[in-house]
Amino acid sequence: DRLHSPCTADEAARRELQSSDDDIDVVFAVDSNIHRPFFAAARSIAHTSSSPGKVHIHVISAESEASQLDADVDCVQLRDLGFAEVNVIGIEPVQIRAFPKNGRTRLNNPMNFVRFHLHEFLPQRVSRVLWLDADLLVLRDLRELW
C-alpha cells in the first residue's frame with residue numbers, strides 16, 4: 001500500500017467527500033536527510049494558517065523510508081496540529097521515469113523529479129497543489145498563494 005496513513009478506509013472516503021475548492025493541498029518530497037526541516041516547515045504552516053483544517057499535507061518519500069517517516073510524523077505530533085490530513089506516500093525510485101542517469105550526483109535524487117509525476121501518486125480529488133521545499137519556513141498564510 002503506497003499511502004501510509006493511519007486512517008481507515010471509511011475515514012479516507014469521508015475526507016475525499018469533504019474536500020472542497022477551499023482546501024489547500026501542499027506537497028513535499030523528502031528523503032532521510034531532510035525529515036527535521038520538513039517537520040519545521042509543516043509546523044510553520046500550522047502556525048500561520050488561518051484554517052489548518054483546510055490544509056492537506058502530502059509527503060512523498062522513497063518507499064524504503066516511508067514507514068519510518070510516517071512513524072516520525074506521529075512522534076512529532078504533526079497530525080495533532082489540526083491539518084485536514086497528513087499523508088505519507090511511499091514511492092519506488094523506478095516509478096520516476098524522468099529521472100536522469102547523468103554524472104551530476106547532486107541532482108541524482110529521484111525526489112528532485114517526483115514533481116513531474118504527482119498526478120500518479122496523489123489522491124484523485126487533487127487537481128492543484130502548492131509544491132514546497134522541505135527546508136523552508138512559512139511566515140504567512142498559504143491561502144495568499146492559493
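Let's start in the interior: Phe 38 is buried, and Phe 39 is buried too. Keep in mind that this is a predicted model, so everything here describes computed geometry. The rings of Phe 38 and Phe 39 have their centres 5.5 Å apart and their planes at 55°, so this pair counts as tilted.

Phe 38 has another ring partner. A search of the whole structure turns up 2 aromatic pairs. Besides the tilted one, there is Phe 28 with Phe 38: the ring centres are 5.0 Å apart and the planes sit at 70°, which is over the 60 degree cut-off, so the pair is edge-to-face. This contact links distant parts of the chain, since Phe 28 belongs to strand E1 (residues 24-29) and Phe 38 to helix H2 (residues 35-48), 10 residues apart. Phe 28 is buried, just as Phe 38 is. Put the pairs together and you get one aromatic cluster made of Phe 28, Phe 38 and Phe 39.

Now zoom out to the whole fold. The protein has 4 helices and 4 strands, and if you read along the sequence they follow the pattern α-β-α-β-α-β-α-β. Of the 146 residues in the protein, 44% are buried.

What about the nonpolar core? The largest one has 26 residues, and those with the most contacts inside it include Phe 28 and Phe 38 from the aromatic cluster, along with Val 26, Ile 45, Ile 57, Val 73 and Leu 142. Several elements chip in: E1, H2, strand E2 (55-62), helix H3 (63-75) and strand E3 (85-91) each supply at least two residues of this core. Helix H2 gives the largest share, with 6 residues.

Val 26 is a good residue to click on next. You'll find Val 26 in strand E1, and with a relative accessibility of 0% it counts as buried, because the cut-off for that is under 20%. Val 26 also shows how the chain comes back on itself: Val 26 and Leu 130 are 104 residues apart in sequence, yet their C-alpha atoms are 4.8 Å apart in space.

Helix H2 has a less hidden side as well. Arg 43 is found in this helix, and its relative accessible area of 29% makes Arg 43 partly exposed. Arg 43 is 95 residues away from Val 138 in sequence, with a C-alpha to C-alpha distance of 8.7 Å.

Another arginine to look at is Arg 128. Arg 128 lies over the face of Trp 146, at 3.9 Å from the ring centre.

Next, the loop between H3 and E3, which is where Gln 77 sits. What stands out about the backbone of Gln 77 is its phi, which is near 60°, a positive value in a residue other than glycine. Gln 77 counts as partly exposed, at 45% relative accessibility.

Finally, look for open space. Rolling a probe the size of a water molecule over the atoms shows where empty space is left. The largest pocket has a volume of about 280 Å³. Its lining is made up of 13 residues, and Ala 29, Ile 34, Asn 112, Asp 133 and Ala 134 lie nearest the centre. By class, that lining has 7 nonpolar, 2 polar and 4 charged residues.

How values were computed: Residues are numbered from 1 along each chain as its sequence is written. This is a predicted model: local features need pLDDT of at least 70, side-chain atom pairs count only at pLDDT 80 or more; totals for chains, interfaces and linings use all residues. Side-chain values use heavy atoms; hydrogens and water are left out. On a 1 Å grid over the protein atoms alone, a cavity is a set of points where a 1.4 Å probe fits but cannot get out, and a pocket is an open set with protein on both sides within 12 Å along at least five of seven lines; lining residues have an atom within 4 Å of a point. Grid points are joined across faces, edges and corners, and a volume is the space filled by probe spheres set on the points. Ala, Val, Leu, Ile, Met, Phe, Trp, Tyr, Cys and Pro count as nonpolar, Asp, Glu, Lys and Arg as charged, and the others, Gly among them, as polar. Rings of Phe, Tyr and Trp (its six-membered ring) pair if their centres lie within 6.5 Å; planes under 30 degrees apart count as stacked, over 60 as edge-to-face and the rest as tilted. Buried means under 20% relative accessible area, exposed over 50%, partly exposed in between (1.4 Å probe, protein chains only). A charge sits over a ring if NZ of Lys or CZ of Arg is within 6 Å of the ring centre and within 35 degrees of the ring normal. A nonpolar core is a set of buried Ala, Val, Leu, Ile, Met, Phe, Trp, Tyr and Cys residues joined through side-chain atoms within 4.5 Å.
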